[in-house]
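Me: Hi! I've got a fold open on my screen and would love to talk it through with you. Could you take a look?

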Amino acid sequence: MTAPDLPSHLLLGSCDYPEHVPQDRWAPYAAQQRALGLSYVRLAEFAWSRLEPAPGHYEWAWLDEAVETYAAAGLKIVLCTPTATPPAWLVRAHPEMLAVDAQGRVREFGSRRHYDFASPVYREHSRRITRALAERYGRHPAVTGWQTDNEFGCHATSRSYGGASAEQFPAWLQAKYGTLDALNDAWGNVFWSMEYSDWAQIKPPILTVTEPNPAHLLDYARFASGLIAQFQAEQVALLRELSPGRFITHNFMIFESGFDHYEVARGLDFASWDNYPTGMLEFFAPPGVNEALKTHYARTGHPDLVGFNHDLYRGVVGSGKWEVETAPDHSPLPTHHSPGFWVMEQQCGPVNWAPYNAQPAPGATALWTAQAWAHGADVVSYFRWRAATMAQEVMHSGLLRHDETPSPGHAEVGALEQAQFPLGPVPARVALLHDYESLWLYDAQPHTAGLTYWGQTVTYYSALRSLGVDVDVVHPDADLSGYAVVVAPAVTLVSDERAGHWAAAVQAGAALVCGPRTAFRTPGGGTWVTGQPGPLAELLGARLSLYDSLRPGLTQGVTGLDTTFEAHTWAESYRPTGAQVLATYAGGPLDGEAAVVRHGTATVIGAHSEALIRAVLAEVVSEAGVPVTPLPEGVRLSRRAGRVLVQNWNPTPAEWNGQTLLPVSFQVLPEADHA
C-alpha cells in the first residue's frame, strides 16, 4: 500500500532549541533552514522546565509561537517528550526518583537523565507531561511525529542499582522463577554459598567483593531493560491515543549496551539514532585499530563503526513496510511513515565529549549524509542548528557558529543534491546476528582484556564491508528466510529453540558462519553441560577443545586456505565430529588442533585474526552467490534503490576500479555499472 505524502528521496532536518535564543531569532532561523533545503525541525527535547516551571503551571505560549513560526516557514515539526530532563522542582519534591550508580551513589540533579526508570512517582509525572504535550500539539497539522525522551542509556543511565529498581527486582525474580529453589538452581547459587532463603535478601549485583554471579548480572540486565521498555510503552500509548497519524521514534545511541534495543523499540514506527563519527572512533575503535590508524580516521571516523549502527537501526523495528494509519472511522490520516530509519542527530562539526575532538575533514558532513542514505536512512537531521552559547555544550558545533555565521558543515549541507538519493530498499543478502543478552554475558566474563562483544562483532562486520557486501544486522531469532549467508560473530547465548531456528535456515539453503564462543552459554547464563556449542553441536559437526586468551604480543599461528595467518587476543580449537578441518593452529599449546571447521554449509572460526576472518567470509559469501568486491583500506560500497554509493573515507586519494577517488568523497552511480 502506498502511503500519502511520502517523499521519494532523502530529506534533511535540524535540531533546534528556540528556548535557548531570543524570540526575534526564531523566524530568521526557520527561514534559513528552509533556504538551506531542510524539511524537518526537532523541538522541545529538553524543555520541561520552560513548559512547566512550577508544579501544574504550564506555560505554552512560547512553544505555541515557536511551532507556528517554524510551520509558517514550511518546516515539518518533530516534537519530543521532555522526560530526559525532569526539572529541579520535581527532583527536590521527590528525591527518591533519582538513580543510584554502580558504586551505590545517588546521581544528582544538574545535568540530564537523572531518574530511575522504576520510580512510580517519576513514571506518573512522565505520563502527565506527555499527555499534556500530546493534548495540546498532537493534532497540529505541522507536527509530523514524536521523539520519546532522549538517548536512553546515555551516561550509563540504563540501570539504577538502588531506590525503586532495587525494591522491585526481587518481585520480578519471584514472578520469573516462582520459588527460591528454582532461582538458586538457575543461578548456580550453591557455588560460594550464595543461596537465598528469602526474596528480600536479593539486591542488585554491585559492590560485591569480587565479580558478581554472571546469572545475577544477566537477570538484572533483563529486568532493567524491561523497565525501559515499559517506560517507553507508556509514552507511546499516550501519543497514539492523542496524536493519531504521526510517527513515533526514539533516538538511540552509538553502541549502547545497557538495554535490549529490540525489546525497547517495539511499538515505534522506526528507529532513529545519533551519529557522531569522530567521537565514536575514540571510544569504539575496532580491535587492531592502533593509534596510527585512529589518527588516519580522526577527521572522518571509521566507516564500519558508523555503518554497523546504520544497519542495526535500520532493522531494529518491525518489518519495514509502508503504512497508512487510520482514524477511528477508518479514514486515512496524514502520515509520513517510511520503511527506513532516521539519523536524528548527525554530527556536522566537532563534538565536545570525546578525549579528542578533531575538526571534521572538508567533505565529511556530506559523506556522512550520503552513507546514512545508502544504509537506509530516509531523513538525516543535523545537530544542532546554532552552536550553544551556554552551559555544558558550548564546545559542540552546529550548522551555525556561536556568532550565527555558517559553519563549514552548513556549506556542505547546502550543496547536497537530495534528489540523487532515492528512497528504497537496501538489497542485503547477508544477515549478521546481534543479541544483547549475548553482549551482557560475553562482557561480564571476557576472559581476555583485549576483546569485547562489540569488538568481535564489528570485526566480522568490517570484514564483510571490506568485501563490498551489504549487510542486515538482525536479531538471532528474526526471520532468516531469503538470506544467502547468516553470520553469528559472537552469539554466545543459544537456546534449543535458537539452535533449531538456525538449523532450519541452513536446511533452507543459507550458509552459516559462527565466531568464537558461539553457544557457550545457556539462557540461564551458565554453560552447556555438554560443552560448547551445546545444541548446535550436530549442525556444526564439532565441539570445543581448548581456548586460549592471548595477551598483547602473544600470538598463535594458523595455517590453512593455502596461506598462513596470525591470531591475536583469542584462539579456540575444536574436536571435529563430522566437520572438515579448513585450518589448523601451528605452534603453541594448540599446535595441530582445528582452528576453522566446516560441516556442510556451516563454518566455525575459532581464531581472532582479521585476515583469516576476511578470507573465510570471502570464500563462504562467494560460494553462496553473493558478489564479492575486495576494497582498499577506507573505501566502501553501499547499495540502495538501484544505486551504488562509492565512498573514500581516507584523507588521501584512493585507487579503485581503475579510477582515483578524491579524499573524503563519494559518488552515486547506477548499480548496474558496479554489479
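**Chatting through the fold**

Reply: Happy to! Let's start with β3, which is mostly covered, since four of its five residues are buried. Keep in mind that this is a predicted model.

Me: Which strands does β3 pair with, and in what sense?

Reply: On one side, β3 (residues 76–80) and β2 run parallel, joined by four bridges. β3 also pairs with β4 in the parallel sense, again over four bridges.

Me: Nice. Which residue in β4 does Val78 stand opposite?

Reply: Val78 faces Gly145 in β4. On the β2 side, Leu79 of β3 stands opposite Leu43.

Me: How many strands are in the sheet, and in what order?

Reply: There are nine strands in an open sheet, with the order β5-β4-β3-β2-β1-β9-β8-β7-β6 and parallel pairing. Strands β5 (247–249) and β6 (251–252) stand at the edges with a single partner strand each, so one side of each has no neighbour in the sheet.

Me: And what holds strands of a sheet together in general?

Reply: Strands of a sheet pair through backbone hydrogen bonds, and the pairing can be parallel or antiparallel.

Me: Back to the edge at β5. How many bridges does it have with β4?

Reply: Three bridges join β4 (residues 143–147) to β5, in the parallel sense. One residue to click on is Gln147, whose bridge partner in β5 is Thr249.

Me: Let's go to β2. Which way do its side chains point?

Reply: Strand β2 covers residues 40–43; Tyr40 and Arg42 point one way, while Val41 and Leu43 point the other way. All of them are buried.

Me: Why the back and forth?

Reply: In a regular strand, side chains alternate between the two faces of the sheet.

Me: Got it. How does β2 connect with β1?

Reply: β1 (residues 11–15) and β2 run parallel and are joined by three bridges. Within that pairing, Cys15 has Arg42 of β2 as its bridge partner. The chain goes from β1 through helix α1 (residues 26–35) to β2, and this β-α-β crossover is right-handed.

Me: You mentioned a cysteine. How many disulfides does the structure hold?

Reply: Zero. A disulfide is a covalent bond between the sulfur atoms of two cysteines.

Me: Why doesn't Cys80 make one?

Reply: The closest cysteine sulfur to that of Cys80 is in Cys15, and at 7.8 Å it is too far away for a bond; the cut-off used is 2.5 Å. Cys154 is in no disulfide either, as its nearest cysteine sulfur, again that of Cys15, is 14 Å away.

Me: Are those two, Cys80 and Cys154, buried or exposed?

Reply: Cys80 is buried, at 0% relative accessibility. Cys154 is buried too, with a relative accessible area of 7%.

Me: Changing topic: what's the volume of the largest pocket?

Reply: The largest pocket has a volume of about 1,300 Å³. It is lined by 49 residues, and Phe46, Ser111, Arg112, His155 and Glu393 are the closest to its centre.

Me: What's the mix of residues along that lining?

Reply: By class, the lining of the largest pocket has 23 nonpolar, 13 polar and 13 charged residues.

Me: Which helices contribute to it?

Reply: Helices α2 (48–51) and α10 (277–284) each supply at least two residues of that lining. The largest share comes from α10, with three residues.

Me: And how many cavities are there?

Reply: Four cavities of 30 Å³ or more. The largest cavity has a volume of about 80 Å³. It has 17 lining residues, and the closest to its centre are Phe117, Thr157, Ser158, Arg159 and Ser160.

Me: Which helix gives the most to that lining?

Reply: That's α8 (residues 214–242), which gives four residues to the lining of the largest cavity. Sorted by class, this lining has nine nonpolar, four polar and four charged residues.

Me: Last one: where is Ala61, and is it buried or exposed?

Reply: Ala61 is in helix α3 (residues 61–72). Ala61 is exposed, with a relative accessible area of 59%. For orientation, Ala61 and Leu51 are 10 residues apart in sequence, and their C-alpha atoms are 9.0 Å apart in space.

How values were computed. Residues numbered from 1 in each chain as written. Predicted model: local features only at pLDDT ≥ 70, side-chain atom pairs only at ≥ 80, totals over all residues. Heavy atoms only, no water. Buried < 20%, exposed > 50% of the residue type's maximum accessible area, 1.4 Å probe, protein only. 1 Å grid on protein atoms, 1.4 Å probe; cavity = no way out; pocket = protein on both sides within 12 Å on 5 of 7 lines; lining within 4 Å. Points joined across faces, edges and corners; volume = space filled by probe spheres on them. Nonpolar A, V, L, I, M, F, W, Y, C, P; charged D, E, K, R; others polar. Pairing = 2+ DSSP bridges. Right-handed = clockwise from strand over helix to strand, strands pointing away.
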